[in-house]
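The following dialogue is a tutorial on reading the features of a protein model. The learner raises one feature at a time, and the teacher answers with the general idea and then the case at hand.

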Amino acid sequence: MSLVKLTIKGISYSQTQNGAYALILNEVDGERKLPIVIGAFEAQSIAIALEKDITPPRPLTHDLFKNFAERFDIVVKQVIIHKLVDGVFYSSIICERDKIEEIIDARTSDAIALALRFNAPIFTYKNILDKAGIFLKTTPAPKSVSKQEESVLEDLILGEPETSSKENYSRLSVKELNKMLDEAVKNENYELAARVRDEISKRQ
């Protein structure tokens, strides 16, 4: 199976789950986006890693792991999102020590937080992107980080998670779900799109 390289587009508030966020990954050589629902702590850790100028007064858990790994000459070479089951992504961290490679199972949010700290590339398999990726037919012109995205990063760094209610999609028809998915993508609400997509996948 061929690997597809991903980059981090950003983090958005969850519109359906209290205390959750959506991590948006971009296909490097394409226009698809892969939304992954993550917890507030992991979102904060990723946001701080994205903001290179911010250094926490004490090491976060992922910083501690990096310090520990470096002390014992362990290097994270890459992260692979290798499986998707019932809307849950599974990842592997590829590490190396003394030219010996090891594969460690990890939650995707933790794996990406570590990949950022080690400047390691992030990959997924093409079949996963085909199944879970959201394809945008039109790509807007490149722009700087919006005020909304800045606000999300700021709130994450300051530790102020957004609160929202959870919606039940089981009562909606597949036609209604597809319409909701189109609207979510159009409005760039990728976390909602991810949840609707997962509900559609369960019914296929």
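The dialogue goes from the chain as a whole to its helices, and then to single residues.

Q: What kind of model is this, and how many helices and strands are there in the chain?

A: The model is a predicted one. The chain contains seven helices and eight strands. Of its 204 residues, 44% count as buried. Among contacts between residues at least 6 apart in sequence, 58% join residues at least 24 apart.

Q: How does one read the two sides of a helix, and which residues of α6 are buried?

A: The general idea concerns the helical repeat. An α-helix has 3.6 residues a turn, so residues three or four places apart point the same way. In this structure, α6 spans residues 174–186 and has 13 residues. From its first C-alpha to its last it reaches 18 Å, close to the 18 Å expected at 1.5 Å a residue. Its buried residues are Leu177, Leu181, Ala184 and Val185. Seen down the axis of α6, these buried residues fall within an arc of 95°, so they line one face of the helix.

Q: Which exposed residues does α6 carry on the face turned away from its buried side?

A: That face carries Lys175, Lys179, Asp182 and Lys186.

Q: Where do the buried residues of α2 lie around its axis?

A: The same repeat is the starting point here: residues three or four places apart point the same way. In α2, residues 61–71, the buried residues are His62, Asp63, Lys66 and Ala69. They cover an arc of only 125° around the axis, which puts them on the same side of α2. On the other side of this helix, Thr61, Leu64, Phe68 and Arg71 are exposed. The cover over the buried residues of α2 includes α1 and α3.

Q: How does one describe the packing of two helices, and at what angle do the axes of α1 and α3 cross?

A: The description combines the approach of the axes, their angle, the handedness and the residues in contact. The axes of α1, residues 40–50, and α3, residues 108–118, come within 9 Å and cross at roughly 15°. Since angles under 35 degrees count as roughly parallel, that makes α1 roughly parallel to α3. The crossing of α1 with α3 is left-handed. On the α1 side, Glu42, Ser45, Ile46, Ala49 and Leu50 take part; they meet Ser109, Asp110, Ile112, Ala113, Leu116 and Arg117 in α3.

Q: What is the crossing of α2 and α3?

A: The axes of α2 and α3 come within 10 Å and cross at roughly 55°. The two helices are therefore oblique to each other. Here α2 passes α3 in a right-handed crossing. The contact is made by His62, Asp63, Phe65, Lys66, Ala69 and Glu70 of α2 with Asp110, Ala113, Leu114, Arg117 and Phe118 of α3.

Q: Asp110 is found in α3; is Asp110 buried or exposed?

A: Burial is read from the relative accessible area, and under 20% counts as buried. Asp110 has a relative accessible area of 18% and is therefore buried. Leaving aside neighbours within four places in sequence, Asp110 is in contact with Glu42 and His62.

Q: How does a residue in a strand compare, and with which residues is Val79 in contact?

A: The reading proceeds from place to accessibility and then to contacts. Val79 lies in β4, residues 75–85. It is buried, with a relative accessible area of 0%. Apart from neighbours within four places in sequence, Val79 is in contact with Ser92, Ile93, Ala111, Ala115, Pro121, Ile122 and Phe123. The C-alpha atoms of Val79 and Cys95 are separated by 9.0 Å, and these two residues are 16 residues apart along the chain.

Q: How should a positive phi be read, and where do Asp73 and Lys99 lie?

A: Most residues other than glycine have a negative phi. Asp73 is not a glycine, yet its phi is positive, about 60°. Asp73 lies in the loop between α2 and β4, and at 55% relative accessibility it counts as exposed. Lys99, also not a glycine, has a positive phi of about 65°. Lys99 is in the loop between β5 (88–97) and β6 (100–107). At 79% relative accessibility, Lys99 counts as exposed.

Note on methods
Residues numbered from 1 in each chain as written. Predicted model: local features only at pLDDT ≥ 70, side-chain atom pairs only at ≥ 80, totals over all residues. Heavy atoms only, no water. Helix = DSSP H or I, 4+ residues; strand = E, 2+ residues; numbered from the N terminus. Expected span 1.5 Å × (residues − 1). Buried < 20%, exposed > 50% of the residue type's maximum accessible area, 1.4 Å probe, protein only. Arc of directions from axis to C-beta. Axes fitted to C-alpha atoms, helices over the stretch in contact; angles between N-to-C directions. Parallel < 35°, antiparallel > 145°, perpendicular 65-115°, else oblique. Left-handed = near helix turned anticlockwise from the far one by under 90°. Contact = heavy atoms within 4.5 Å.
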